[in-house]
Amino acid sequence: MDRDTFSDSRRARHFGRSNQNFPSFNNYGRSENHRRNLRDTYLSETNSSEYYNTSFSPMNTRNSQAIPSYFDESSTDLSLQLSGFHLDDYNRKILGTSASSQADSNYLRSNRLSSLPSWALDENREIRCDLTLRKVVEEGLVLSFSMDKSGCHFLQSNYFGENTQNVDPYIRDRVSREVLGSKEVFLTICKNIFGNFFLQRVIEYSTPLEQETIKKYIVSDITSLCLDKSACRVVQTALEKLEPRFADAIVAAIPRKNRLMSICTDQNANHVIQKIIKKMPLNKWEFLVIYLCKQEHDNLLDICQDKYGCRVVQTIVEVLSEEPIHKIEAEEKTRALRRLMSKILAKCAKLASNEFANYVIQHIIETPGILSDYRNAIIETCLLRNLLSMSQEKYASHVIERAFVYAPLSHIVEMMEEIFDGYVPHPETGKDALDILMFHQFGNYVVQRMLQICVDAVTGQRDTHINGIDFRHKFENWLAKLYVRARREKSRLNRFSSGKKILDILQSMEGYVPTATSFDLHSPFSQVDDVLAAFCPSSFFSPSATTTSNDWTSRTTSISSEPHFDYDFNFNNYQKF
């Protein structure tokens with residue numbers, strides 16, 4: 001029977017564990033086109049490549065002398081002992097190019113199966129159901145099992161979890177001495193695709209004396225471990241499970257200068273930084289805020305514009321904006337948040353337009369509570385007076401959308417007024433801001449958001465009162481302009497999916513019957529003038545005294561040859577599209 005189709009069910013029966021979330025062998029190894037960053041510079045400088053991306057390859061027999069019963073500092077040559085695993089040959093095969101993915105899969109399967117002795121496997125090439133942990137320990141195969149997929153499952157099922165209390169102290173001591181007896185062995189297991197999971201369980205159930213050793217090993221090569229795909233999980237577990245004094249020592253070992261940039265922007269190490277931010281007190285990681293806010297460097301901009309670095313900044317903002325328990329902690333968080341937000345506000349325009357940094361601005365805008373004041377500051381200093389240009393940018397348009405959704409009513413009114421009445425139409429074409437955005441590949445999403453807000457306000461789904469003043473009539477007028485503009489451009493809008501969405505939103509209003517008069521009779525514009533304002537871009541931004549019904553003939557002749565559409569501002573008689 002094929003091993004892949006049988007292993008999960010058999011493992012469930014034998015060891016009570018199934019569906020383990022281990023990475024696939026086929027995805028192991030780096031692509032040659034992996035994006036370059038400071039990780040490569042660091043590894044070349046410190047000659048750490050011998051530990052990086054290490055994995056396990058087979059031993060031929062269980063009687064091989066390459067694995068002693070345990071490792072300790074008195075071993076004559078640990079490098080020679082580890083060479084018995086053929087790590088370098090295995091890595092070259094993993095990282096090298098191959099003619100067929102199926103051939104690679106067969107190679108990996110055959111070599112992994114031979115990594116365990118035949119007496120430990122049954123006729124289906126699975127670990128025997130009667131195999132005991134004592135047998136594995138006495139044969140000196142703990143390291144071999146920890147670096148094998150099925151072997152790692154076996155160790156976790158029989159040594160840790162619910163069975164931890166039932167393990168013989170002698171066996172536990174032997175396992176600990178094999179795994180923690182040597183730094184080289186520890187680092188090798190850390191960086192193994194399977195061994196790291198077993199080592200996480202070792203850390204979780206370690207004694208204070210063992211934690212001291214674990215801390216020493218992690219601190220000795222902290223940067224390389226953080227950058228490694230497998231070892232970064234071990235570091236995160238250590239930060240969470242070790243005693244505070246040992247976790248503090250690990251955080252203190254994080255580089256503070258140039259290499260901090262490579263850690264914050266690495267696809268693996270950024271998770272370690274986020275774990276530090278979430279689990280440790282502010283005074284342990286405030287150096288990150290200081291690093292981001294340096295005046296002489298654009299560290300904030302560089303990290304925010306990175307695919308992984310932007311997550312670190314979002315996590316910092318999220319943690320600093322949480323409600324603190326103690327007053328002293330509240331003061332420290334407020335001070336650090338103010339310092340960071342001052343830097344973000346200074347770079348807001350660049351951040352909002354960047355592919356990744358725009359998520360930091362969106363996160364600030366949509367988070368309530370203490371960040372509300374900073375959200376308003378972003379809208380006032382960065383977005384207002386730039387809505388038309390930013391709405392036409394691929395990434396900044398997302399920020400504009402979030403601002404329309406989460407801004408207070410007063411700022412929504414200001415943004416609406418800027419789009420409708422804040423820009424002078426083109427002198428030759430007569431196109432205004434609404435014309436430009438409605439048919440722009442990115443701006444049309446902003447128009448959809450504006451239209452939905454107007455619909456919600458008119459139908460009573462959104463509050464329209466500010467300090468006792470009702471702005472409902474403004475939303476009705478804006479909705480009227482959008483409606484007439486969509487009627488006029490119906491044929492063009494129907495050509496695009498985004499245009500059809502605008503028409504769909506308006507069609508949803510056809511069955512709405514308001515409970516009260518939905519047009520302000522005291523408005524400076526008459527009903528006819530409002531229709532003209534919606535029809536004629538040149539009258540959009542003219543003072544009310546200069547826009548009258550007498551101008552209708554000349555405006556319709558020069559701007560639009562389409563017939564006039566009657567519009568009922570009470571929304572009772574919406575004409576069908």
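Here's a quick tour of the helix packing and the nonpolar core in this structure. Keep in mind that the model is predicted. Three spots get a look: helix 15 and its cover, the largest nonpolar core, and the place where helix 18 meets helix 20.

**Helix 15: one side in, one side out**
- Helix 15 spans residues 244-252, and its buried residues are Phe-246, Ala-247, Ile-250 and Val-251.
- Those four sit on the same side of helix 15, because they cover an arc of only 145 degrees around the axis.
- That fits the general pattern: an α-helix has 3.6 residues a turn, so residues three or four places apart point the same way.
- Flip to the face turned away from the buried side and you'll find Pro-244, Arg-245 and Ala-252, which are exposed.
- The cover over the buried residues includes helices 12 (208-220), 13 (222-227), 14 (231-241), 17 (269-279) and 18 (282-292).

**The largest nonpolar core**
- This core has 148 residues, and those touching the most other members are Phe-145, Trp-285, Ile-316, Leu-340, Ile-344, Leu-383 and Phe-475.
- Helix 29 (residues 443-458) is the top contributor, giving nine residues.
- Beyond its neighbours within four places in sequence, Phe-145 has contacts that include Leu-116, Ile-127, Val-136, Cys-152 and Phe-154.

**Helix 18 against helix 20**
- The axes of helix 18 and helix 20 (residues 309-320) come within 12 Å, crossing at roughly 130 degrees.
- That angle makes helix 18 oblique to helix 20, and the crossing is left-handed.
- On the helix 18 side, Leu-282, Trp-285, Leu-288, Val-289 and Leu-292 do the meeting; their partners in helix 20 are Val-313, Ile-316, Val-319 and Leu-320.

Terms used:
Residues numbered from 1 in each chain as written. Predicted model: local features only at pLDDT ≥ 70, side-chain atom pairs only at ≥ 80, totals over all residues. Heavy atoms only, no water. Buried < 20%, exposed > 50% of the residue type's maximum accessible area, 1.4 Å probe, protein only. Helix = DSSP H or I, 4+ residues; strand = E, 2+ residues; numbered from the N terminus. Arc of directions from axis to C-beta. Contact = heavy atoms within 4.5 Å. Core = buried A, V, L, I, M, F, W, Y, C linked by side-chain atoms within 4.5 Å. Axes fitted to C-alpha atoms, helices over the stretch in contact; angles between N-to-C directions. Parallel < 35°, antiparallel > 145°, perpendicular 65-115°, else oblique. Left-handed = near helix turned anticlockwise from the far one by under 90°.
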